Amino acid sequence: MPRPPGRLGAHLGLLAGLLVAVALAQAVLGRGSTGALVLFGATEAAAALVAAAASRARARLLPAGSARRSWALFAGACAAWGLGQVLFAAQDVAGLDTPSTSWFDVPFTAWGLLLIASGAAHLRGRVRAHHGVRALLDGALLGLGLLTVVWVLWLGDAVAAHRGPAVGLVAPLGYPLVDVVFLVATLVAVARGGGGRTVLLVVGGACLGLAADASYAYGAVSAAGFSTGGPADLAWIAGFGLYALAARHDREPPVPRSETRTPARDLLVPYAALAPATLCAAVRLWSGPDRVVLVLALAGVLLAMVRQFLVLDDHRRLLRVAEQQRAALDALAHVDPLTGLENRRRFGERLQEAVRAALAQGRPVLVAFVDLDRFKQVNDTLGHQAGDDLLRGVADRLRGCLRTGDCAARWGGDEFAFLVTDPGVDAAAVVARLRAAMSEPFEIAGTRVRATASIGAVAEDPRDLPVSGPPAAVVEALLAAADARMYAVKRARRDPAAAGG
């Protein structure tokens, strides 16, 4: 049994106390002293490794799935950052003068990649379709937009005045971009699936990490450089502390993935992110060539195109789902679920259409009713399942009699209806065709069952019927005539002495 998580307030108080203690210790040791550098290096590495251990422990408690993968990847990311901090602290204490981007950044780069992978796994469990990928693209677009604006307003000139090679600033400038992507992805998860205190703690940690990495990037670019012991280091400690608390206090039930709809505001996200960046880039490129701005602009356009393609693909999928649902509803409304034939409602609609055409063209309409004889006996002797099988078998036989323009339907119970619009076919021919289809025995529940049916058919020109009014009245007259003819046949079968057809 895992230990109870304890009170969140008490743990936040302990974290705040740790930050105060570290700040006071640095005041005593002196900022930049060996003792202070060791203190901050050890504390930051320990905070990251504690967050990694808590995240790994949380992942082990979860069942296989997106949440478990997300916490496991997050644990690996925190462990990678902790390792990178150990290396950074070692070179910091040793006073080594290394470029802003060096092999020390390999673990920090792994941290960024695993962090984004963790966010993607978290989104995968909360949203459907391309929402998760779009969230990551939104973060990248926002980061590129901010980087472009900052580059044009300040960073470009600062890099030009930087004493070292510009390529050495790739890592320091990339860390805030990764933080923005992860933060946006987390906020999207909150918006889509709801956010409890766990997600809020992660958001808080991501905001602190973004502020710390932005401070580090500023120090790497500026002439003053970055020095350990400032607010950025305290922010890193606090951020990983919040990550550790998020893992320890994660007791939220899994959230079902949200639907695939794409709100209209989602279409505006890339434009809102790129609008100020495009304006700044246009002003910069108008005044002179700037390869960095050009690369950032092209990357932003490419990401926006990919994102909009995903939006369109989501719409395509949504339309396909809507079409499938419409077809399913149409089937429920017009198809008999047992036999697969059209139902009584749809047959009435088809007959009314045929009557309208017949009134306009002056041709007859043929309607036939097929009523199974002694169907109740099949149910009583072989069971209702056998009765259903027989109805399906009859439906297959009637379906085999259909020609172009014909319609077969289950009228109800053991009764079927047949519609023929071919003016060249008379009632006797249709009855003969239907009787021939029913002549062969049916294989039902391992038993050969010979089913007979009473069939009544009438072929009438709607204009000759003694009714007037809308096509619906003519339809009722045709149905009544066919029904009367079918019952006349049934009576004749019961009493051979009676007149029958």
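**Figure 1. Asp-380 and Lys-376 pair through their side chains in a salt bridge, with N and O 2.8 Å apart.** A salt bridge here is a side-chain nitrogen of Lys or Arg within 4 Å of a carboxyl oxygen of Asp or Glu. Welcome to a predicted model, in which local features need pLDDT of at least 70 and side-chain atom pairs count only at pLDDT 80 or more, while totals for chains, interfaces and linings use all residues. Residues are numbered from 1 along each chain as its sequence is written, and side-chain values use heavy atoms, with hydrogens and water left out. Both partners belong to helix α12 (residues 375-382), where their spacing of 4 residues is about one helical turn. Helices (H or I, at least four residues) and strands (E, at least two) are DSSP runs, numbered from the N terminus. An α-helix has 3.6 residues a turn, so residues three or four places apart point the same way. Asp-380 is exposed at 54% relative accessible area, and Lys-376 is exposed too, at 60%. Buried means under 20% relative accessible area, exposed over 50%, and partly exposed in between (1.4 Å probe, protein chains only).

**Figure 2. Helix α13 (residues 384-400) carries a salt bridge between Asp-389 and Arg-392.** The closest N and O atoms of this pair are 2.7 Å apart, and the two residues sit 3 positions from each other, about one turn of the helix. Asp-389 is partly exposed at 26% relative accessibility, and Arg-392 is likewise partly exposed at 29%. Other residues of α13 are buried, among them Ala-386, Leu-390, Leu-391, Val-394 and Leu-398. Their cover includes β1, α12, β2, β3 (415-420), α14 (427-439) and β4 (442-444). The end C-alpha atoms of α13 are 24 Å apart, in agreement with the 24 Å expected for its 17 residues at 1.5 Å a residue; the expected span is 1.5 Å times one less than the number of residues.

**Figure 3. Asp-336 and Arg-410 form a salt bridge linking distant parts of the chain.** Their closest N and O atoms are 3.4 Å apart. Asp-336 sits in the loop between α10 (291-334) and α11 (344-361), whereas Arg-410 belongs to strand β2 (residues 407-412), 74 residues away in sequence. Both Asp-336 and Arg-410 are buried. Elsewhere, Asp-313, Arg-316 and Arg-317 are joined in a network of salt bridges. The count of salt bridges comes to 15.

**Figure 4. Trp-111, Phe-240 and Tyr-243 touch the most other members of the largest nonpolar core, a set of 41 residues.** A nonpolar core is a set of buried Ala, Val, Leu, Ile, Met, Phe, Trp, Tyr and Cys residues joined through side-chain atoms within 4.5 Å. The elements giving two or more residues to this core are α1 (8-29), α2 (34-61), α3 (66-94), α4 (105-124), α6 (170-193), α7 (197-221) and α8 (231-248). The largest share, 10 residues, comes from α8. Leaving aside residues up to four places away in sequence, Tyr-243 touches Ala-51, Phe-74, Trp-111, Phe-182, Val-202, Gly-205 and Ala-206; contact means heavy atoms within 4.5 Å. A second, separate core of 32 residues includes Val-394, Met-438, Ile-444 and Ile-455.

**Figure 5. Glu-44 is buried yet has no salt bridge.** This residue lies in helix α2. The nearest side chain of opposite charge, Arg-31, is 10.0 Å away. Here Lys and Arg count as positive and Asp and Glu as negative; His and the chain ends are not counted. Side chains of opposite charge can pair when their charged atoms come close. Not counting residues up to four places away in sequence, Glu-44 touches Trp-81, Gln-85, Asp-233, Trp-236 and Ile-237.

**Figure 6. Arg-374 has a positive phi, near 55 degrees.** Most residues other than glycine have a negative phi. Arg-374 lies in the loop between β1 (365-372) and α12, and is exposed, with a relative accessible area of 55%.

**Figure 7. Cys-78 and Cys-407 are shown with an overview of the chain.** Cys-78 is buried at 0% relative accessible area, and Cys-407 is buried at 2%. The count of disulfides (pairs of cysteine sulfur atoms within 2.5 Å) is 0. Stepping back, the protein chain has 15 helices and 6 strands, and buried residues make up 47% of its 501 residues.
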